[in-house]
Amino acid sequence: MSNLEYLEHPISPFFDENSTILILGSFPSVLSRKSNFYYGHPQNRFWKVLKEVFHDTLPTTIDEKKAFLKRHHIALWDVIATCKIKGSADQSIQDVTCNDISLILKQAPIKHIYVNGQTAFKLYQKYTYQTIKKEAILLPSTSPANAAYRVSDLVEKWLIVKESEHEYSI
């Protein structure tokens, strides 16, 4: 595949000592890499879905997104540490190395791991699970490329994240 660019993951994992839920994507989109935070493409439905799942307000700024995640005990990172990729296209990803998810698991009381989309899930199963031996639950991708799912369909599938948050809330 031509026009592949070798990239290192540019965004630090987002979590704190109260994070009980870890959501993993594959690799940041071009717009996420530019904004230096997760799910920065306006067509990605991640924030809209979580807004509905948690009956909260839609975060628009990075500070609002971070506050939203903290309120709901959510950590974010991606499975991929480095790869060759064309733009934002998951289907173009090659030559992958994976992030060490245990960095988060050692510092936060993560109870559930969710993976946003098939690409991230396949890589998690192939590389990450072998290291940390913690099951992850596949959720349908919030990417605009996943046209088979409307926002309402995604919300229905992603409700499991809210259920796990309440399972461990104090």
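This passage walks through a kinked helix, the strands beside it, and a second helix with its neighbouring loops.

The model is a predicted one, so to speak of local features a pLDDT of at least 70 is needed, and side-chain atom pairs count only at pLDDT 80 or more, while totals for chains, interfaces and linings use all residues. Numbering starts from 1 along each chain as its sequence is written, and side-chain values use heavy atoms, with hydrogens and water left out.

Strand 6 (112-116) makes a handy starting point. Helices and strands here are DSSP runs (H or I over at least four residues for a helix, E over at least two for a strand), numbered from the N terminus. Five of the five residues of strand 6 are buried, where buried means under 20% relative accessible area, exposed means over 50%, and partly exposed is in between (1.4 Å probe, protein chains only). His112, Tyr114 and Asn116 point one way from the strand, Ile113 and Val115 point the other way, and all are buried.

On one partner, strand 2 (21-25), strand 6 runs parallel, with four bridges joining the two; strands are said to pair if DSSP finds at least two bridges between them. Within this pairing, Ile21 has His112 as its bridge partner. Strand 6 also pairs with strand 7 (137-139), again in the parallel sense, over three bridges. Here Val115 is matched with Leu138 of strand 7. Going from strand 6 to strand 7, the chain passes through helix 5, and the resulting β-α-β crossover is right-handed. That label applies if, with the strands pointing away from the viewer, the path from the first strand over the helix to the second runs clockwise.

Asn116 of strand 6 deserves a closer look. With a relative accessibility of 7%, Asn116 counts as buried. Its side chain reaches the backbone nitrogen of Thr142 at 3.0 Å, a polar contact in the sense used here (a pair of N or O atoms within 3.5 Å; within protein, one must be able to donate a hydrogen and the other to accept it, and residues adjacent in sequence count only if both atoms are side-chain atoms). Setting aside residues up to four places away in sequence, Asn116 touches Ile23, Leu24, Gly25, Tyr39, Phe46, Leu139, Pro140, Ser141, Thr142 and Trp158, contact meaning heavy atoms within 4.5 Å.

Helix 5, the connecting piece of the crossover, spans residues 118-132 and has a kink of about 45° centred on Gln125. The bend at a residue is the angle between axes fitted to the seven residues ending there and the seven starting there. Ala120, Phe121, Leu123, Tyr124, Thr128 and Ile132 are the buried residues of helix 5. These pack against strand 2, strand 4 (80-85), strand 5 (94-98), helix 4 (102-105), strand 6 and strand 7. Right after helix 5 comes Lys133, in the loop that leads on to strand 7. Lys133 is a residue other than glycine with a positive phi, near 55°, and it is exposed, at 53% relative accessible area.

Helix 2 (residues 46-54) has its own buried set: Phe46, Trp47, Val49, Leu50, Val53 and Phe54. Because they cover an arc of only 160° around the axis, these residues sit on the same side of helix 2; the arc is that of the directions from the helix axis to the C-beta atoms.

Two residues of helix 2 can be set side by side. Val53 is buried, at 0% relative accessibility, and its contacts, leaving aside neighbours within four places in sequence, are Val155, Trp158, Leu159 and Lys162. The C-alpha atoms of Val53 and Ile160 are separated by 8.8 Å, with these positions 107 residues apart along the chain. Lys51, by contrast, is partly exposed, at 25% relative accessibility. Lys51 touches Asp56, Thr57, Leu58 and Phe68, not counting residues up to four places away in sequence. Its C-alpha atom and that of Val155, 104 residues apart along the chain, are 9.1 Å from each other.

Positive phi values turn up on both sides of helix 2. His55 follows the helix and has a phi near 50°. Asn36, in the loop between helix 1 (30-35) and helix 2, has a phi of about 65° although it is not a glycine. Asn36 is partly exposed, with a relative accessible area of 43%.
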